[in-house]
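Please open the model in your viewer, with a cartoon for the backbone and sticks ready for side chains. The stops below are meant to be followed in order, each one beginning with a selection.

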Amino acid sequence: MSSDLKVVTSAKKEENESKETAKEESAPTIAETHPELEDSYLGGDYSSSTIKKLRESPESIGKLFKEGKYPYTDRIDRETYDTEKKKLQIELLKVQNWVKMTGQKIVVIFEGRDAAGKGGTIKRFMEHLNPRAAKVVALEKPTHHEQGQWYFQRYIEHLPTRGEILFLDRSWYNRAGVERVMGFCTQVQYLEFMRQCPELEQMLVNSHIKLFKYYFSVTKKEQRARFVSREHDVLKQWKLSPVDMAAVSMWSEYTRAKEAMFFYTDTAACPWTIIKSDDKKRARLNCMQDFLSRLDYPDKDLDVVSTPDPLIVGSPSQVIRKDVHLDDWPHEKTKLSED
């Protein structure tokens, strides 16, 4: 695998970026590829007949995921959102009670681009749960001491015991995304992570930990809008960092890193689930729906918990492009040995 990830020259990198930009600019719109949807799909209602019909076509759904387009232009209204959220949060309380009574151990990973809506979704998951048996961990960058540890070590110490739920706001997958793109790790460290990660997660599952991995997918336009909102809101400025701002100009690099991560770590035992999150409210509800639908807990209300919207919730097989996982290592001067 190391031979496939060669050091690229800056000229080749610029060429790839130019091609990617041209591809994005020339990509057909959804209206062009699905003209029959223009009236009701692009402008329309959450429950329109056209949307329902589209959900029944795996081919059309797969095309939308591969194009990276968001399927709705409407937003769920506040009243509907609050009503549905309350119903789902009642189900989450049932899950927590079941976890405590039966000694279950659950880990839920939230990954995605900056400003994709991970933190807001975790907040709604936790809103009414008992914090004594459910916790959120969002680690800062590693200290000097932690840099000398096994990479996974600082995450391992937060894993749940019997009767607990852990929500990870970003996780060990930092190495597959931010660290790879920004050059915070070497090629060797990255490759070793990709080798060890599936093995580690298999061990967690073998130790009776239920592991959920959610990747929140936001479009470039929406991400930029959210960054502008944060920049002008004094209550949100703490969310912006130099790494966050760099994410906008390195969109293509993050896309390649994401797809490589999916290729190597989307396994039968620990699959990834993609949540389209341009509409934060819709993303939160569908993430809760997916989580609850995959647990067999007592007194589940099947009128509340149902299959999530397939236009919002997808899988890596719908987005991975051929041979992207073989893309060159993005940092020309990256050392091939650890410091």
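Select D279 and K281 at the start of helix 14, where a side-chain oxygen of D279 reaches to within 3.2 Å of the backbone nitrogen of K281; bear in mind throughout that this is a predicted model. Keep D279 displayed and add D74 and R282.

Extend the selection to the whole of helix 14, residues 280-293, whose end C-alpha atoms are 20 Å apart, in agreement with the 20 Å that its 14 residues should span at 1.5 Å a residue. Is this helix enclosed by the rest of the structure, or open? Of its 14 residues 11 are buried, so helix 14 is largely enclosed by the rest of the structure. Colour the buried residues, which are R282, A283, R284, L285, N286, C287, M288, Q289, D290, F291 and L292. If you then show what surrounds them, the covering elements include helix 5, strand 1, helix 6, strand 4, strand 5 and strand 6.

Several of those elements belong to the sheet, which is the next thing to select. It is an open sheet of 6 strands in the order 2-3-1-4-5-6, and its pairing is mixed. Strand 2 (134-137) and strand 6 are the edge strands, each of them pairing on one side only. Helix 14 packs on this sheet, touching strand 1, strand 4, strand 5 and strand 6, and the direction of the helix makes about 155° with that of strand 4.

Within the sheet, centre the view on strand 4, residues 209-217, which is mostly covered, with 7 of its 9 residues buried. On one pairing, strand 4 meets strand 1 in the parallel sense over 8 bridges, and here V107 stands opposite L211 in strand 4. In another pairing, strand 4 and strand 5 (residues 272-276) run in the parallel sense over 5 bridges, with T273 in strand 5 as the bridge partner of Y214. Now return to V107 and look towards strand 3, where its bridge partner is L166; strand 1 and strand 3 pair in the parallel sense over 6 bridges. While side chains are displayed, it may help to recall that in a regular strand they alternate between the two faces of the sheet.

Next, select helix 5, residues 78-102. With 25 residues, helix 5 reaches 36 Å from its first C-alpha to its last, close to the 36 Å expected at 1.5 Å a residue. At its start, a side-chain oxygen of D77 reaches to within 3.2 Å of the backbone nitrogen of E79, while just after the helix G103 takes a positive phi of about 75°. The buried residues of helix 5 are worth colouring, among them Y81, L88, L92, V95, W98 and V99; the buried residues of this helix pack against strand 1, helix 6, strand 2, strand 3, strand 4 and helix 14.

Stay on helix 5 and show E91 and K94, whose side chains meet in a salt bridge of 2.9 Å, N to O. The two residues lie 3 residues apart, about one turn of the helix. Is E91 buried or exposed? E91 counts as buried because its relative accessibility is 2%, under the 20% cut-off, whereas K94, with a relative accessible area of 26%, is partly exposed.

For a salt bridge that spans the sequence, select D114 and R170, whose closest N and O atoms are 2.9 Å apart. This pair links distant parts of the chain, 56 residues apart, with D114 in the loop between strand 1 (105-112) and helix 6 (118-126) and R170 in the loop between strand 3 (164-169) and helix 9 (178-182). Both D114 and R170 are buried.

Finally, move along to N174, which lies in the loop between strand 3 and helix 9. At 17% relative accessibility N174 counts as buried, and, leaving aside its neighbours within four places in sequence, it is in contact with E111, Y151, Y155 and E179. From N174, follow the contact to E179, which forms a salt bridge with R175, the closest N and O atoms being 2.8 Å apart. Both E179 and R175 are buried. Salt bridges that share partners also join D74, D279 and R282 into one network, which returns the tour to the residues displayed at its first stop. In total, the structure holds 17 salt bridges.

Technical notes
Residues numbered from 1 in each chain as written. Predicted model: local features only at pLDDT ≥ 70, side-chain atom pairs only at ≥ 80, totals over all residues. Heavy atoms only, no water. Salt bridge = Lys/Arg side-chain N within 4 Å of Asp/Glu carboxyl O. Helix = DSSP H or I, 4+ residues; strand = E, 2+ residues; numbered from the N terminus. Buried < 20%, exposed > 50% of the residue type's maximum accessible area, 1.4 Å probe, protein only. Pairing = 2+ DSSP bridges. Expected span 1.5 Å × (residues − 1). Contact = heavy atoms within 4.5 Å. Polar contact = N/O pair within 3.5 Å; in protein donor to acceptor, adjacent residues only side chain to side chain. Axes fitted to C-alpha atoms, helices over the stretch in contact; angles between N-to-C directions.
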